[in-house]
Every structure is written in C-alpha cells, then in structure tokens.
Amino acid sequence: MRIVIADDSTLLREGVQLILTDAGHDVVAGVGDAPSLVEAALRERPDLVITDVRMPPHGKDDGLRAAVQIRQSWPQARIMVLSQYVVQAYADQLLASGAEGVGYLLKDRIGDIDEFLAAVEQVASGGTVLDPQVVSQLMTRATDPVQSLTPREREVLELMAQGLSNGSIAARLFVTGGAVEKHTQRIFAKLNLSPDDSAGHRRVLAVLAYLRGAQS
Amino acid sequence: MSTTHQTIQRPPRPRVVLRRTPRDLAYLMLSWPAALVGFVVVASLMGLVSSIVLAPVAVPLALIVASWSAQVERILLRRFQGVTDAEGYYLPSPPDAGVLAKAMTIVRDPQRWLDVIWAVVGWIVATITWIVAFTVWATALGLLLWPAWGWALPDNGDGSLAALVFGAETFWTQAVIEMSFGIVLLWVAPWITVGMARLQGMASRAILSSRSRQQVIEQLRVSRDAGRSAESEQLARLERDIHDGPQQRLVRLKLDLARIERQLGPESPAAQALRDAIISTQETLDELRALSRGIAPPTLTELGLVAAVRQAATRPVVPVSVSTNLPEQPGVLPPHTEQAAYYVVSEALTNVAKHSQARNAYVELNADGRDLVVAVTDDGIGGAEFGKGSGLAGLAERLRSVDGQLTVDSPAGGPTTLLARMPHGRRTHADRDR
C-alpha cells in the first residue's frame, strides 16, 4: 500500500520506512514537520498516514493536530499516530476525529515487527488500534462490573479494546476462534453491551466508551 | 542556632565595651558637627520653599546638600561603626540630561527626601547623644582633676558638691569625694557612649540605608527569578535533547535489530542473542524515559499543567478525579511553579497508590490572586507522616524552594489530605509598581 510518513527524526523515519518497504509497502513521502504532513497527505491521498506526535514547528502535539486537520478535509484518511509515551488525551482527541481507521501506538511497538505490520494493515482497512498501555490504564481503573469478569474475559476485553479481531485474539491467546467467540458473547452479556457492536471499529468504540463510563 | 541567638541577646561584655569606646566616641563627636552643618543649610534652603522664584533652585539644592550630609554620616557609620551596608540608593540621572531633567531626577528621588528627613531627625538625635556623651566624659574628667582646680573655687570650695551634700570640710576630703564620683562616672562613661552610639547608629541606618537594603532584596528576588526560569528552561532543553538524540537512536537501534532478527529467521543461532539485545535496548529506553520524566515531564511542557496532572491521574490504580479553575493549556503559570505543582500531585498520587489503600482520590488545583493551591485527598487508612522515606519531607523541601508550604492532615483511619500552597508568581501588581 501507499504510505506517507512524518517524523522530524530522519533516523527514525528511515527505520520505519525500511520495515515497511521490507514488507512490500510503498513509502510515497517522508516529511519532518506538521504543515508538510498536511500538504503531503492531501496531495498524495495515501492508503495510510503514519505520524509522530511531537514535531516542528512548535515541538508539542503538532503531529496530532495535523492528523485531526487532515481528517477534517479528508474524513476517510487512515492515520496511525506514533508517540514516545502514552497520553490518554491524545488517544481521546484522535478518536474524537472519527474512530474508523485510526491507530495510536507507542513507538516501541514498532520493534515487534509482525504486530506493527498487522496494526498497519488493520488501520488501513478501517479498523481501530490502540496501544495496550492506553487500554490497560482504562482497565485498571475500571470498577464493577468489569471487576466481575474472569481473568480470561478481562484479557479478551483488553485485546478487544486495542482493536484486535476475534481471529487475532485467538492467535494471541493460543485458543480457537470459537472459544474467543464464546468469551466475547459472555463479556457483552455481562457488560450489557449491544451485540450490534460486535464487529470492527464500532466494537472498539463501544468497549472504550464502556470502560470510560465504568471509571467513575 | 540557639547559641548565636543567645550571643546576640546578651549585653556586651566589659572588654568589648572598652574596645568599642574610642571608635563610638569619635563617631558621636564627629557626627554632631556634620549633622549641625547639614541641618542649618538644608533648613535654610527649605525655608525658601514658599518663594515661587527661589523654590525651583532652593529645593534641589537642599536635596543635594542633604545627600552630602547623609553621605558624611554613612562614611562615619562605615568607618567607626563597621556598618557594611550603609549605602544610599539614589536614582541615576539619565545620561546627557539637561539641567532641568537632572533637577527633576533629584526631586523625584525618594532617597534624597529620606536624606532631608535625616537632616532634621539626625540632627536632633545627634544633638542629644552628643550632649549626653560629652557631658558624661567632661564631668568625669573634671571631677578626677578636681585637685587641680578645686582650690580656685570661691570660699575654698565650700560651694562644691562634696561640701554641700557630705559636709566635707577640708580641701583633701573634698578632693577624695569629688574624685570618687569622677571614677564612678568614668566607669559608666563607656557604657553610656556605646549606648548612645548604638542609638544614633540605629536611627541613621534606618533612615539612610533602608532603601538600599530593600534594593538588595529586590535585586536578589529578580536574580532568583532569573535563576529559576533559566533552570527550568535548561531542564526542558535537556529533556528535549534526550528525546531528540539518544531516545530516537535507541528506538532506531531496536528497529534495526528487530529487522535483522526477522531476516535471519527464528532458527538462526544468532536469533537468541539478538532477542537479548532487543530486550536490553528496550530496557535502556524505559530507563531513559523514566529519567527524562524526572528532569522535566514532557507532558508538562507539551500539554501544560492541567493536562499533565490529568494524565498523571490515569497512572495510579485507584480512580482519581481532577478539578481545577485553571485553563487547560501550556504555560499558564511560570515553569517552576508548574513543575513544583506537578511534582506535588505526582508524588502524592504515588503515595496514595503505595500506602493509602484508598479506593478514590481527588486532586484539586486552584489559583487565587496570589497563590496556587494544590490539594490531594484520598479515602484511605490515613496515618501519613513526615518521616524518612515517606517522600513528604522531600516534597516539603521542594515547596520551600518556591516559597511554598506543605500541610498534611492524615488522622489514623483517614482520610488523608495533602495541601500545598505556593505563590504562583504570575506577575501582575509587582510589575506595575516598578
């Protein structure tokens, strides 16, 4: 697929580019600041935009702002945001711009190449991927009835919130797809969530909304 | 600390008094004539104030003479009283200023008006101290030398003190009594001298160098503020450099190692060593990240205090609610205030998670006209103390460095409230006053 990468560190941009080209992707543009990113993304219309958060010109959350800006003029844009540390507020802002085809990952995750490439595919195809840290922050603070889930069910819920499909969850937990299916049914029942939300990014949103609501 | 306090409180010992006496006497003797001249000239010039024609010349002139007179007193203070900070703080007249501008600077200068006050008050004080000191010494010496002049008194000294009070008849019994009084007076004269000198020194210092002391304090405040902002700026730069340099390189190193591992395949003999290298790279990254959080939390500089506190509130195991009257944007308060406040919240929440067994915690962050008040409350078991290892002592220390205060209310059984109050340093009135 065609990808635009933005990161002010050339070193890192090249590193990510190498991994992506190894996997057969085509990096059509590499930029180092937020305005160039907006310009490049709207010009190239790539299958995926990968951007750093902290970038020139302000050295703050410029990358994130650029991502939101891109989605304003091009709502179908698929954007994956990479960051040196997890900030809940960043994930919230990103999801607020539309949860379809967005990802928010810690930069360290790129090191797990297979998972990173899977996340790239998933976001590009309209899914939602959230860093396990974002989700675990929400999970540890969630109160009843999340606490009433069995450990296995909590594990499944956590992976659901990160944006994994049932198939991926099954592979991650070394169980069959049917077993995961049963777990998800029970989770939805226990949390009183609608089964309509059992597929794709809507499932992620539903779970996230639930976790946030369960915090207070 | 208590020992120095006692030394100051104790009255001076005889040796000290004797050693000080010559200098204090010289100070008193010289100070009064100078004050007298100053008073006469300043008072005469000020007397012309009512004259519309002469006032524009007389007033600046009076102010100049008053400052000369004050300068003489300051020199005497330094020379004989060892007062090191006897300095006036005069407004500098602008360079290339005309006569009128110079005169205006002189008339506007508060120090010069204080000098005029000194010309009056100082003259009164100096007159009293001079008379007392002079009289004591002159009388003491006179009485001691009585045999040398007593015979010249009418009626062979029958009108003398000794003759009137003690009924002394002969010349030599009179002489012995008068000289005894002389010795007693001579013995107390040093104490009176030192006391008078101290009285006058206090008066003149209060009038003549208080402004300079205020100025020193003001300069210290300005330089401390500059030091603080330079420090927080440098810490932020250090954090940025770590982020842009080593941190990026380590992430890249990890990517490259992962790529090689993937290319070699899991069966390769080098795969295990590579995996170890990747893990150790990740650990280094984690340590580096923890390090830069300690230097200057990146969320604080990027998002501002409120958002950074909200982010910190997602870390502990217990749910934390945050309420504030501050806007959610970076740079609302000076960096050192934001850093201190963030540090309070972050430490307090760490304590909540570690020791409190709380189910809920609340963070309040409110600024009033002068202070930023940070309150962290939890519904845990209480009993938090300023003991070693609680981190509270370190927190109190950190707050003192920003003129802040920490109070902890934590009865056994809870709840625990940690209250930090610090001036937020958002300059409003102070700047306008200067």
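A residue counts as partly exposed when its relative accessible area falls between 20% and 50%. Asp403(B), at 41% relative accessibility, therefore counts as partly exposed. The model described here is predicted. Chain B and chain A are in contact, with 32 residues taking part from chain B and 31 residues from chain A.

**Interface of chain B and chain A**

- The two chains bury about 2900 Å² between them, and 52% of this is on carbon and sulfur atoms.
- On the chain B side, the most area is lost to chain A by Arg252(B), Leu255(B) and Glu302(B), which together make up 23% of what that side buries.
- Five salt bridges are found across the interface, and one salt bridge joins the side chains of Asp114(A) and Arg262(B) at 2.2 Å, N to O.
- Ten residue pairs are in polar contact across the interface.
- Helices H9 (210–264), H10 (271–295) and H11 (298–303) of chain B each supply at least two residues to the side that touches chain A.
- H9(B) gives the largest share of that side, 14 residues.
- By residue type, the side of chain B that touches chain A has 13 nonpolar, nine polar and ten charged residues.

**Backbone features**

- Most residues other than glycine have a negative phi, and most peptide bonds are trans.
- The peptide bond from Pro56(A) to Pro57(A) is cis, with omega near 5 degrees, and Pro57(A) lies in the loop between strand E3 (48–52) and helix H3 (62–73) of chain A.
- Phe174(A), not a glycine, has a positive phi of about 55 degrees; this residue lies in the loop between helix H8 (166–173) and helix H9 (177–191) of chain A.
- Phe174(A) counts as exposed because its relative accessibility is 78%.
- Asp403(B) also has a positive phi, near 60 degrees, and is placed in the loop between helix H14 (392–400) and strand E4 (405–409) of chain B.

Notes
Residues are numbered from 1 along each chain as its sequence is written. Chains are lettered from A and ligands numbered from 1 in the order in which they are written. This is a predicted model: local features need pLDDT of at least 70, side-chain atom pairs count only at pLDDT 80 or more; totals for chains, interfaces and linings use all residues. Side-chain values use heavy atoms; hydrogens and water are left out. Contact means heavy atoms within 4.5 Å. Buried area is the accessible area (1.4 Å probe) that two parts lose on being put together, summed over both. A salt bridge is a side-chain nitrogen of Lys or Arg within 4 Å of a carboxyl oxygen of Asp or Glu. A polar contact is a pair of N or O atoms within 3.5 Å; within protein, one must be able to donate a hydrogen and the other to accept it, and residues adjacent in sequence count only if both atoms are side-chain atoms. Helices (H or I, at least four residues) and strands (E, at least two) are DSSP runs, numbered from the N terminus. Ala, Val, Leu, Ile, Met, Phe, Trp, Tyr, Cys and Pro count as nonpolar, Asp, Glu, Lys and Arg as charged, and the others, Gly among them, as polar. Buried means under 20% relative accessible area, exposed over 50%, partly exposed in between (1.4 Å probe, protein chains only).
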